[in-house]
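Subject: Handing over the structure, with notes

Dear colleague,

Here is the structure that I promised to pass on to you. Please open it beside this message, so that you can follow the notes as you read.

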Amino acid sequence: MTDADLRLRELETLHELAHTIANSLEPRETLEQTLKVLIDTGWFSCGEAFLKLEGMLETVAVGLCGYQNIEACQVRPKLLRDAERVMTGNKLTQVNHWQLIPVDNMAVIALSGGNASSPFFEALIDIIRAALKRARLHWRLSEKEIQRSKLLQALLRAQEEERGRISRDLHDQVGQALTGILLGLDAAINHPEDANLAQLKELASITLGDVRRIALDLRPSVLDALGLEAALKRYTREITERYNIQIEILVSVPKRLNPDEETVLYRVAQEALTNIVRHAKAKQASIVLTTTSKWVQLVIEDNGIGFKLEELLAAERIGLTGMRERVELFNGNLSIESSPGKGTSVHARLPLRT
Ligand SMILES: Nc1ncnc2c1ncn2[C@@H]1O[C@H](COP(=O)(O)OP(=O)(O)O)[C@@H](O)[C@H]1O
Ligand SMILES: [Mg+2]
């Protein structure tokens, strides 16, 4: 075969490869198809590919030996180690009869039983790089989609649990107290001389407190009527009275925010404060709500025991994730800083709508 023939064959193969993997949206599939083309066109008789996916520590190997899947020919652990080395070094390397071709920090293609020119390999790398980048992007997006739908399910579950809790609160506390008051009133009507009205009044006033608390947890009317500042003050006063945590509150917002933004920030504050009550063992906390020309930001801090965020499993931080989701839904962002012994701070910011 003349040089010109060889170049032509190389070009044809590269063309076929580019065409084949153009529509591949899965990194593994991209590599599998690459190997198939290189073996089909007779350039190599055996190939294996190694893939590094973000967030996945292990290297994923795919391979073809003739038409046998590499699993049937057994994965070569030594080749995998060589591939990892070549991936870091990012240089085309020959190991025994294998050509190891790194594609940036994404993959390594190992080929044997044939040879090709270095311009061919260079063009090959360019084509695979472009396809892998696109496939990885797609893969990440679909991973994100999956995470999102899991999260949505978790949020719905949490919402149902919340409703269950409110329903129990209503039934157990309010329902029983009202039954008690009714029985007491019956007795008082029948035997006015023995009636302990003071006790009944006390029970009624406790029940009123319960109803107010449940209503406040659900959605305080003051949020709609008077806005976020008033609602936050109302909520923190309630927490201070009930749990003896001193909460400093500073609000510097020139005018009322959009109702959706008020709700999001109120829910963030509510979750953060509930966490402080439940987990932080804090004596003091603070809430600061301020605006800049573009953002409204809310910071909630406590001086409690803190925690290591990265040590929590996804299922163990539904409250925190829910906060973030709510904020991101409004194109804002949320960050949580915490370390054991140093307290916790939650920063949320939303773009101001004009
Ligand atoms: N302010 C805080 N102080 C200490 N630990 C906290 C604080 N906020 C959250 N945590 C920790 O983070 C975990 C996850 O919080 P969250 O997602 O709200 O779930 P939940 O409150 O239902 O446990 C808590 O269980 C707790 O261990
Ligand atoms: Mg929580």
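The notes below go from the whole chain to its parts.

Please keep in mind throughout that this is a predicted model, and that every value in this message was computed from it.

**The chain as a whole**

The chain contains ten helices and eleven strands, and its C-alpha trace spans about 120 × 50 × 35 Å along the principal axes. Its radius of gyration is 32 Å, whereas a compact globule of 354 residues would have one near 20 Å. Buried residues account for 26% of the 354 residues in the chain. The domain assignment gives domain 1, covering 3–150, and domain 2, covering 225–354, and the C-alpha centres of these two domains lie 48 Å apart.

Two pairs of residues give you a feeling for the distances involved. Glu238, which is found in helix α8 (residues 228–243), lies 215 residues along the chain from Asn23, and their C-alpha atoms are separated by 59 Å. Glu202, whose place is in helix α6 (residues 197–218), is 177 residues from Leu25 in sequence and 68 Å from Leu25 in space, C-alpha to C-alpha. As for their surroundings, Glu238 is partly exposed because 16 other C-beta atoms lie within 10 Å, whereas Glu202 counts as exposed because it has 11 C-beta neighbours inside 10 Å.

**The strands β8 to β11**

Strand β8 (residues 284–291) and strand β9 (residues 295–302) run antiparallel and are joined by seven bridges; they form a hairpin with three residues between them. If you would like to find this pairing on the screen, look for Leu289, whose bridge partner in β9 is Leu298.

Strand β9 is also joined to strand β11 (residues 344–351), again in the antiparallel sense, by eight bridges. Here Trp295 stands opposite Pro351 in β11, and Ile300 has Val346 of β11 as its bridge partner.

Strand β11 pairs in turn with β10, in the antiparallel sense and over six bridges, with Leu334 and Ala348 of β11 as one of the partner pairs. The strands β10 and β11 form a hairpin with five residues between them, and Gly341 in the turn has a positive phi of about 85 degrees. While you look at these strands, it may help to remember that in a regular strand the side chains alternate between the two faces of the sheet.

**The surroundings of ligand 1**

Which residues come nearest to ligand 1? Of the 17 residues around it, they are Asn275, His279, Ala280, Gly319 and Thr344. Both α9 (259–280) and α10 (318–329) supply at least two residues of the shell, and the largest share, five residues, comes from α9. Sorted by class, the shell has seven nonpolar, six polar and four charged residues.

**Helix α2**

Helix α2 (residues 27–40) has 14 residues and reaches 20 Å from its first C-alpha to its last, which is close to the 20 Å expected at 1.5 Å a residue. Is this helix mostly covered or mostly uncovered? It is mostly covered, since ten of its 14 residues are buried, among them Pro27, Thr30, Leu31, Val37 and Ile39. The helix is followed by Gly42, whose phi is positive, near 85 degrees.

**Two positive phi values outside glycine**

Finally, two residues deserve a look for their backbone angles. Asp104, in the loop between β5 (98–103) and β6 (107–112), has a positive phi of about 45 degrees although it is not a glycine. Asn331, in the loop between α10 and β10 (333–338), has a phi near 60 degrees, which is again a positive value in a residue other than glycine.

Why does Asp104 count as partly exposed? The reason is that it has 13 C-beta neighbours inside 10 Å, and a residue is called exposed only if that number is 12 or fewer. Asn331, with 9 other C-beta atoms within 10 Å, is therefore exposed.

With best wishes

Key: Residues numbered from 1 in each chain as written. Chains lettered and ligands numbered in written order. Predicted model: local features only at pLDDT ≥ 70, side-chain atom pairs only at ≥ 80, totals over all residues. Pairing = 2+ DSSP bridges. Helix = DSSP H or I, 4+ residues; strand = E, 2+ residues; numbered from the N terminus. Domains from an automatic or database assignment. Near = placed C-beta within 6 Å. Nonpolar A, V, L, I, M, F, W, Y, C, P; charged D, E, K, R; others polar. Expected span 1.5 Å × (residues − 1). Buried ≥ 20, exposed ≤ 12 C-beta atoms within 10 Å, placed from the backbone. Rg over C-alpha atoms; globule rule 2.2 N^0.38 Å.
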